[in-house]
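Welcome! Here are some short exercises to help you find your way around a protein model. Try each task yourself before you read the solution.

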Amino acid sequence: MRAVGRFGAGLGLGVVLALFAGTGCGLFSEGTVISPAPIAGEDEQPAAQRSPTPTATFAGVPLPSDAVVIGALMATTGFLADYDEPALVAARNRIDALNQAGGLLGRPVVLRHIDSHTEMSSIRRGAERLLLDGVDLVLMTCDAVFAQPALDLLNRSGTVVISPCGTDDLWISGELGERVFSLGTPVSAEAEILAALVADRGFATVTGIIDQTSTEAAAVCEAFEQGFETAGGRVSSLYRYQPTDPSLLEPILAGLAVSEPDAIVFCGTRSVAPEILAPIRAAGFAQPIFSGSAMDGDHWIGLVPGVGDFTMLSYASVYADSPDPNPEVRRVLADYFAATGHRARDGRVITGHDAVEAYVRAVEQAGTTDPEAVAAELARFDGEELVAGPVTFGPRVRSAQGRLMRVITIQEPYAQFERIAGPSSASAAQ
């Protein structure tokens with residue numbers, strides 16, 4: 001039996017349409033998205049065609065009694081929106097397609113989004129509201145630290161949780177919850193790919209630079225050091241940078257001059273990168289720079305004059321003049337463009353599609369939305385082919401293992417797809 005938020009089956013969808021809440025950020029209002037919008041009568045068609053914005057209801061408006069309800073605690077405001085919202089759009093697109101094909105187990109699928117605002121207090125309150133709606137699945141923000149207050153509640157309720165893009169190794173072991181999964185590539189696996197890329201180019205010494213605003217980026221650098229040394233290389237120095245303390249740049253430049261490393265590994269974010277990389281290039285240091293998927297995208301390139309030899313990792317090539325080799329990836333990116341009017345900023349958008357797809361497959365295999373049965377089916381994924389690549393979970397593994405990543409290189413001023421690499425080989429082909 002559904003919780004209190006799931007009463008009133010007689011509410012017409014036309015009424016739901018009329019209650020569109022026009023607040024919020026980007027494509028999403030805070031409310032319930034009915035995906036897709038119901039087909040209007042002939043006299044209503046022009047109005048329906050004018051707006052691609054998802055239909056939403058004010059909080060508290062009843063949901064269809066037979067719906068499969070997918071909650072989303074993801075940021076569309078605050079700094080995490082840069083990572084969460086693209087994945088959320090792709091998840092909504094997959095739900096649209098699912099409903100157009102008849103729903104899940106013959107039931108309509110409803111997306112109930114609550115903006116976390118990149119605030120721990122908001123995400124906890126959001127979890128309380130979703131539990132009142134009787135959600136079957138919660139799509140969780142990418143950041144494990146911000147997710148924790150919500151996970152405390154959701155774990156006690158036994159709810160299935162999937163983070164489309166959680167990368168912290170905390171997602172792997174199940175310590176965040178027995179029914180908590182992530183479709184993000186763990187930082188340890190990403191660091192392994194990055195170390196292999198640097199070693200394959202014959203570089204023996206590396207200087208690492210950590211942007212301390214990102215726990216994910218910092219974890220990549222720390223894991224990289226171990227992997228690179230295993231491959232026979234050496235991290236000669238490791239520096240940390242904080243935008244609130246620009247004086248930290250001076251020892252980085254002095255250290256590069258003294259150590260003269262073969263390459264630089266930058267573990268940081270697109271927002272902070274220009275503060276560090278532009279001065280490095282301006283000072284004449286031309287060493288190749290390697291970075292993880294937190295740097296994926298090309299909108300920052302113009303802020304680093306002479307960026308030069310730069311290699312980064314991605315879940316997908318989003319570049320029109322250098323398209324991804326996988327047609328399914330290109331389809332998801334095309335759907336994103338159709339929904340937003342612009343191309344995705346980086347490849348993590350793909351994980352939003354895969355989070356919903358993983359849930360759909362687990363439900364269909366279980367024949368029910370019962371959380372225990374669904375979680376058991378997810379745990380059985382062994383090389384499950386999703387759009388972003390094969391995913392393996394296990395009895396004690398709750399984060400995507402064995403994921404292939406795209407290697408993206410910069411040919412200034414453009415970023416382009418180079419090849420596909422996996423954790424065990426930097427030159428693996430799909």
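The exercises below go from the whole chain to single residues, and the model they use is a predicted one.

**Exercise 1. Describe the chain as a whole: its helices and strands, its buried share, its contacts and its exposed surface.**

Step 1. Begin with the secondary structure: the chain has twelve helices and 16 strands.

Step 2. Turn to burial. The chain has 430 residues, and 57% of them count as buried.

Step 3. Look at the contacts with a separation of 6 or more: 68% of these join residues 24 or more positions apart.

Step 4. Finish with the surface. About 16600 Å² of the chain is exposed, and 54% of that comes from carbon and sulfur atoms.

**Exercise 2. Work out how the rings of Phe224 and Phe228 are arranged, and where these two residues sit in the chain.**

Step 1. Count the aromatic pairs: the structure holds six.

Step 2. Take the pair of Phe224 and Phe228. The ring centres are 5.2 Å apart and the planes meet at 15°, so this pair is stacked. The cut-offs behind that step are centres within 6.5 Å and planes under 30 degrees apart.

Step 3. Place the two residues in the chain. Both belong to helix 7 (residues 215-230), and because they are four residues apart there, about one helical turn separates them.

Step 4. Check their accessibility. Phe224 has a relative accessibility of 2%, so it counts as buried. Phe228 is buried as well, with a relative accessible area of 0%.

Step 5. Look for a grouping of rings elsewhere: Phe181, Phe381 and Phe393 form one aromatic cluster.

**Exercise 3. Examine the backbone of His117 and of Glu260, then decide whether each residue is buried, partly exposed or exposed.**

Step 1. Read phi for His117. The angle is near 55°, which is positive, and the residue is not a glycine.

Step 2. Locate His117: the residue lies in the loop that runs between strand 3 (109-115) and helix 4 (120-132).

Step 3. Classify His117. Its relative accessible area is 33%, so the residue is partly exposed; that class lies between the 20% and 50% cut-offs.

Step 4. Repeat this for Glu260. Its phi is about 45°, again a positive value in a residue that is not a glycine.

Step 5. Locate Glu260 in the loop between helix 8 (249-259) and strand 9 (263-267).

Step 6. Classify Glu260. With 61% relative accessibility, this residue counts as exposed.

Notes:
Residues are numbered from 1 along each chain as its sequence is written. This is a predicted model: local features need pLDDT of at least 70, side-chain atom pairs count only at pLDDT 80 or more; totals for chains, interfaces and linings use all residues. Side-chain values use heavy atoms; hydrogens and water are left out. Rings of Phe, Tyr and Trp (its six-membered ring) pair if their centres lie within 6.5 Å; planes under 30 degrees apart count as stacked, over 60 as edge-to-face and the rest as tilted. Buried means under 20% relative accessible area, exposed over 50%, partly exposed in between (1.4 Å probe, protein chains only). Contact means heavy atoms within 4.5 Å. Accessible areas come from the Shrake-Rupley method with a 1.4 Å probe; for residues, only the protein chains shown count as cover.
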